[in-house]
Amino acid sequence: MLPWFSDGKFPLYLAPMAGVTDVVFRQICKELGADVMVTEFVSAEGILQRDDRTRKYTEFSDEQRPVGVQLFGADGERMGEAAKKIIDWKRPDFIDINFGCPVNKVVARNGGSSLLKDCPLLTSVATGVAKAVGDQVPVTAKIRIGWDEKTVNAVEVGKILVDCGMQAIAVHGRTRAQGYTGEACWNTIDAVARAVPVQVIGNGDISNGEDVARRKRETAVSGVMIGRAAMQNPWVFRQAKHYIETGGILEPPPVEERWELILRHCRLVVAGGKNGDERQTLIGMRSRLMAYCKGFPGAKELRQRLCQVTSVTQVEELAEFSIAQAHAGHEDLPEE
C-alpha cells in the first residue's frame, strides 16, 4: 500500500491537466488541501532528448509531496529510460503512466488512451517502466474506461496493469470517444476497484464535498482525483475535506479571497519566468483567469476584459472593480 493510503486515509488527488497543473497551481492546490500531486504529462522522448521545455514539466517543490511525474509514450524500454532520468534529476514519490489522454496529437503517436485498444502494447509499456524503476519508486497508471462505449475494458486493463507491477490505478470514468462530455460511469470505476488488489482512484464529475463523500460511501475506490472543478475552484479540496469530516458545507470564499488567489497566481507565474516575459505570461493565463472568474458578478463583461490583459497591473485593476461591483451590485465595467 502506498503510504498516502495508509491508516484509512482517503486522499484527494489533483488530476494532471496539460497547461494547468504547473508547479504554481499545484502549490496553490496543496495549500488548499489537495493530498497528492501529479505533474502535467510529459513526453518520454522529450525527456530523453533533454529538451529544456519538456524538463520544466517535471519540476516540483518538496512542499508538494507526495508528487508523481506522469509520462506518456509507446515504447516501454524508452519510457523506462526516461523514468530513470527523472529520478536522477529529482526523485519523485512515484512515476505515473498516462494511458488516458484523449488528445489527438497524443493518440496519433500511440500514446495516452490509444493503448487501451492495444493491450499487448500497453503491457509492454507498463512492464518496461516497472522493470526500470519499480525498485526505486512506485509506478502507477491512469486509464479511461475504454476507447469507446463498445470497447469498455477497464476491468481487464486494470488486471493487466497490476500484473505488470502497477501499485495504484486512477480511472477516469469516460471513454476516449466521450472526451470530457457526458457523464462519468462510476459503476465501471467501482468494478475496477473491486476487481484489483491495488488502490483505485476514481476520477470524473467530482465538483464538491458531497460528490467526494458519495463516491467514498457508494464505491470501493480508495481516493478520488479532481480535475476540471479545481480549475475554477481550487478551494474544492478544502471544501471536500470539511464535508467528509463534519458533514457541513463550507460557504464559497468571498470575492476578495478569490481575487487574492488569482492575483497571487499571476504574480507567482510571472516571477517564475518560465513562460516568457510578463506580457507572454498573462496572454497564456487568460483562459485560466476566465475559469477562475466563472460566476462572478458581471462575468460576461469581465471575461471580455480578461481576454485582453497583458500585465498584472491590468488584472489588479479588474480585481478592484470586480470587488466593488460585487458589493454594489452594478453590472457595467469601467471604460478603458
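Pro66 sits in the loop between helix 3 and strand 4, and in this predicted model the peptide bond that joins Arg65 to Pro66 is cis, with omega at about 0°. The residue on the other side of that bond, Arg65, also takes part in a network of salt bridges, whose members are Asp62, Arg65, Lys90 and Asp93.

One pair in this network can be followed in detail. The side chains of Asp62 and Lys90 form a salt bridge, with 4.0 Å from N to O, and the pair connects distant parts of the chain, since Asp62 belongs to the loop between helix 3 (52–55) and strand 4 (67–72), while Lys90 belongs to the loop between helix 4 (76–89) and strand 5 (94–99), 28 residues apart. Asp62 is partly exposed, with a relative accessible area of 48%, and Lys90 is likewise partly exposed, at 34%. As a general matter, side chains of opposite charge can pair when their charged atoms come close.

The structure holds 13 salt bridges in total, and two further examples lie within helices. In helix 8 (residues 186–195), Arg194 and Asp190 are four residues apart and therefore separated by about one helical turn; their side chains meet in a salt bridge of 2.9 Å, N to O. The two partners have unlike surroundings, for Arg194 counts as exposed at 57% relative accessibility, whereas Asp190 counts as buried at 16%. Leaving aside residues up to four places away in sequence, Asp190 touches Thr219 and Ala220.

The second example is found in helix 9 (residues 209–218), where Arg214 and Glu218 are also four residues apart, so that about one helical turn separates them. Their closest N and O atoms are 3.2 Å apart in a salt bridge. Here Arg214 is partly exposed, with a relative accessible area of 37%, and Glu218 counts as partly exposed as well, at 42% relative accessibility.

The backbone offers two other local features that the reader may wish to find in the structure. Asp205, in the loop between strand 8 (199–203) and helix 9, has a phi near 60°, a positive value in a residue other than glycine, and Asp205 is partly exposed, with a relative accessible area of 33%. Asp7, in the segment before strand 1 (12–14), has a positive phi of about 55° although it is not a glycine; Asp7 is exposed, with a relative accessible area of 76%.

From these charged residues the view can turn to the interior. In soluble globular proteins, nonpolar side chains tend to be buried together. In this model the largest nonpolar core has 92 residues, among which Leu71, Phe99 and Leu161 touch the most other members, and helix 6 (residues 119–133) gives the most to this core, contributing eight residues. Once residues up to four places away in sequence are set aside, the neighbours that Phe99 touches include Leu115, Leu116, Leu122, Val125, Ala126, Ile143 and Leu161, and Gly112, Ser113, Lys142 and Arg144 are also among them. A second core, separate from the one around Phe99, consists of twelve residues, including Leu2, Phe5, Val36 and Ala170.

Further along the chain, helix 13 (residues 278–292) packs with helix 15 (residues 312–328) at an angle of about 40°, and their axes are 10 Å apart. On the side of helix 13 the contact is made by Glu278, Leu282 and Leu289, which meet Val312, Thr313 and Val315 of helix 15. The residues of this contact divide into four nonpolar, one polar and one charged.

How much confidence does the predictor assign to the protein, taken as an average pLDDT? The average is 92, and 97% of the residues score at least 70. Residues 330–336, however, have a pLDDT below 50, and this stretch has 15 contacts in the model beyond near neighbours in sequence.

Methods. Residues numbered from 1 in each chain as written. Predicted model: local features only at pLDDT ≥ 70, side-chain atom pairs only at ≥ 80, totals over all residues. Heavy atoms only, no water. pLDDT = per-residue confidence, 0-100. Contact = heavy atoms within 4.5 Å. Helix = DSSP H or I, 4+ residues; strand = E, 2+ residues; numbered from the N terminus. Buried < 20%, exposed > 50% of the residue type's maximum accessible area, 1.4 Å probe, protein only. Core = buried A, V, L, I, M, F, W, Y, C linked by side-chain atoms within 4.5 Å. Axes fitted to C-alpha atoms, helices over the stretch in contact; angles between N-to-C directions. Nonpolar A, V, L, I, M, F, W, Y, C, P; charged D, E, K, R; others polar.
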